[in-house]
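The following exercises concern salt bridges, burial and contacts. Each task is followed by a solution in steps.

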Amino acid sequence: QVQLVESGGGLVQAGGSLRLSCAVSGRTFSSYNLGWFRQAPGKEREVVAYIDWSGSPTYYANSVKGRFTISRDNARNTVYLQMNSLKPEDTAVYYCAVKRQTSIKYDYWGQGTQVTVSS
């Protein structure tokens with residue numbers, strides 16, 4: 001069983017920055033495709049960013065492009081989401097997820113970390 005633990009969420013003023021981390025258990029982290037998702041109250045979960053097992057390509061939702069950066073550290077079994085120029089509409093619970101190369105959908109999910117951006 002793969003376990004994911006997110007950290008780094010919190011309360012920040014608009015225009016500020018946060019870096020989310022997601023530690024992933026297991027020995028095959030370098031083979032995983034990784035994604036960050038978010039869900040705001042009353043809204044559906046949406047993909048924020050994605051990084052391929054090789055580190056490239058990456059994908060970003062239009063709403064965060066140019067402000068957020070996804071990266072991975074295979075030595076630490078960790079995926080990051082650097083969030084800059086935060087806006088109140090970025091307020092949500094953020095989740096990381098793992099998709100094995102043979103999978104169609106994401107296989108494992110973290111418990112989520114709350115990000116709140118005040119105006």
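**Exercise 1: A salt bridge between two loops**

D90 and R67 form a salt bridge, with the closest N and O atoms 2.8 Å apart; the term denotes a side-chain nitrogen of Lys or Arg within 4 Å of a carboxyl oxygen of Asp or Glu. The model is predicted, so that local features need pLDDT of at least 70 and side-chain atom pairs count only at pLDDT 80 or more, while totals for chains, interfaces and linings use all residues. Residues are numbered from 1 along each chain as its sequence is written, and side-chain values use heavy atoms, with hydrogens and water left out.

Task: State where D90 and R67 lie, and why the pair ties together parts that are apart in sequence.

Solution.
1. D90 lies in the loop between strand 8 (78-83) and strand 9 (92-99), and R67 in the loop between strand 6 (58-60) and strand 7 (68-73); therefore the pair ties together parts that are 23 residues apart in sequence. Strands here are DSSP runs (E, at least two residues), numbered from the N terminus.
2. Relative accessible area classifies a residue as buried (under 20%), exposed (over 50%) or partly exposed (in between), using a 1.4 Å probe and protein chains only.
3. D90 counts as buried because its relative accessibility is 1%.
4. R67 is likewise buried, with a relative accessible area of 10%.

**Exercise 2: The network**

Task: Determine which residues are linked with R67 and D90 in a network of salt bridges.

Solution.
1. R38 forms a salt bridge with E46, where the closest N and O atoms are 2.7 Å apart.
2. R38 is buried at 6% relative accessibility, whereas E46 is partly exposed at 35%.
3. The network of salt bridges links R38, E46, R67 and D90.
4. The count of salt bridges in the model comes to five.

**Exercise 3: The surroundings of Y108**

Task: Establish whether Y108 is buried or exposed, and which residues Y108 touches.

Solution.
1. Y108 is placed in strand 10 (residues 108-109).
2. Its relative accessibility of 17% is why Y108 counts as buried.
3. Leaving aside residues up to four places away in sequence, Y108 touches Q1, V2, L4, C96, A97, V98 and R100, a contact being heavy atoms within 4.5 Å.
4. For C96, the C-alpha to C-alpha distance to Y108 is 8.6 Å, and the two are twelve residues apart in sequence.
5. R100 also meets D107 in a side-chain salt bridge (3.2 Å, N to O).
6. R100 is partly exposed at 37% relative accessibility, and D107 is partly exposed at 25%.

How values were computed. Helix = DSSP H or I, 4+ residues; strand = E, 2+ residues; numbered from the N terminus.
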